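Me: I am new to reading protein structures, and I would like to understand how the words used for them are justified. Could you take me through this one, setting each value against its cut-off?

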Amino acid sequence: MKIYLIILVLVCALSCSDAGDAATSTDKENMQGAWMGLTESLNGIKKDVSFLYVFKGDTLSFTDETGKEMKYSFKLDTIANPRLLIVRSEDTLNNPTPVSIGYELNGDSLKIVVAPHGLHPTEISDKHDQELIVCKRKGS
């Protein structure tokens, strides 16, 4: 009986791990390409923006409204709630610590949540001093 229980636990653990890997792979594939940041909100105050995010392989390029471009490497944590986009600046000398950003991907819509410095996002919203950026796939 103990053997069957051990086998069941192992099968469940492997299945859960595969499901997380599959979700990560699917989200990563679906994020590839260019995304336009359309709105940004913080604590209910919303404004229009024109940010550009480009996901290519394991890299993310961000261009702000002034044209300044920043490059990051990224990986996904699809097990976390909310799901996390973990970015690390290519300038690791000045920015060595990775930053966890919440995300919600739904077709051609991408919501990004940036928590205050040193914190992780708690939900996909602009509450609690979190910055919510709503993006749409470029060309859609």
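Reply: What follows is a set of questions and answers about this model, which is a predicted one.

Me: What makes Asp27 and Arg83 a salt bridge?

Reply: A salt bridge needs a side-chain nitrogen of Lys or Arg within 4 Å of a carboxyl oxygen of Asp or Glu. The closest N and O atoms of Asp27 and Arg83 are 2.6 Å apart, so the pair fits the rule. Asp27 belongs to helix 1 (residues 2-31), while Arg83 sits in the loop between strand 4 (69-77) and strand 5 (84-89), so the bridge ties together parts that are 56 residues apart in sequence. By this rule the count comes to six salt bridges.

Me: Why is Asp27 called buried, and why is Arg83 called partly exposed?

Reply: Buried means under 20% relative accessible area, and partly exposed covers the range from there up to 50%. Asp27 has 8% relative accessibility and therefore counts as buried, whereas Arg83, with a relative accessible area of 31%, is therefore partly exposed.

Me: How do you know that Lys28 and Asp58 form a salt bridge, and where do the two residues lie?

Reply: The closest N and O atoms of Lys28 and Asp58 are 2.0 Å apart, and the cut-off is 4 Å, so the pair qualifies. This pair links distant parts of the chain, with Lys28 in helix 1 and Asp58 in the loop between strand 2 (45-56) and strand 3 (59-63), 30 residues apart. Lys28, at 27% relative accessibility, counts as partly exposed, and Asp58, at 43%, counts as partly exposed too.

Me: Why does the pair of Glu104 and Lys111 count as a salt bridge?

Reply: The closest N and O atoms of Glu104 and Lys111 are 3.9 Å apart, and because the rule asks for a distance within 4 Å, the pair is counted. Glu104 is partly exposed at 36% relative accessibility, and Lys111 is partly exposed with a relative accessible area of 28%.

Me: What makes the pair of Tyr53 and Phe62 tilted, and the pair of Phe55 and Phe74 edge-to-face?

Reply: Ring centres must lie within 6.5 Å, and then planes under 30 degrees apart count as stacked, over 60 as edge-to-face and the rest as tilted. The rings of Tyr53 and Phe62 are 5.0 Å apart, centre to centre, with 40° between the planes, and the pair is tilted. Tyr53 is buried, with a relative accessible area of 7%, and Phe62 is buried as well, at 14%. For Phe55 and Phe74 the values are 5.3 Å centre to centre and 85° between the planes, which makes the pair edge-to-face. Phe55 lies in strand 2 and Phe74 in strand 4, 19 residues apart, and both are buried.

Me: Which residues have the most contacts inside the largest nonpolar core, and which strand gives the largest share?

Reply: The largest nonpolar core has 19 residues, and those with the most contacts inside it are Tyr53, Phe55, Leu85 and Leu110. Strand 2 gives the largest share, four residues. Leu110 touches several residues beyond four places away in sequence, including Met31, Trp35, Phe55 and Ile133.

Me: How do you know that strand 1 and strand 8 are paired?

Reply: Two strands pair if there are at least two bridges between them. Strand 1 (residues 33-42) and strand 8 have seven bridges in the antiparallel sense, so they count as paired. In the closed barrel, eight strands run 1-2-3-4-5-6-7-8, with antiparallel pairing.

Conventions
Residues are numbered from 1 along each chain as its sequence is written. This is a predicted model: local features need pLDDT of at least 70, side-chain atom pairs count only at pLDDT 80 or more; totals for chains, interfaces and linings use all residues. Side-chain values use heavy atoms; hydrogens and water are left out. Buried means under 20% relative accessible area, exposed over 50%, partly exposed in between (1.4 Å probe, protein chains only). A nonpolar core is a set of buried Ala, Val, Leu, Ile, Met, Phe, Trp, Tyr and Cys residues joined through side-chain atoms within 4.5 Å. Contact means heavy atoms within 4.5 Å. Rings of Phe, Tyr and Trp (its six-membered ring) pair if their centres lie within 6.5 Å; planes under 30 degrees apart count as stacked, over 60 as edge-to-face and the rest as tilted.
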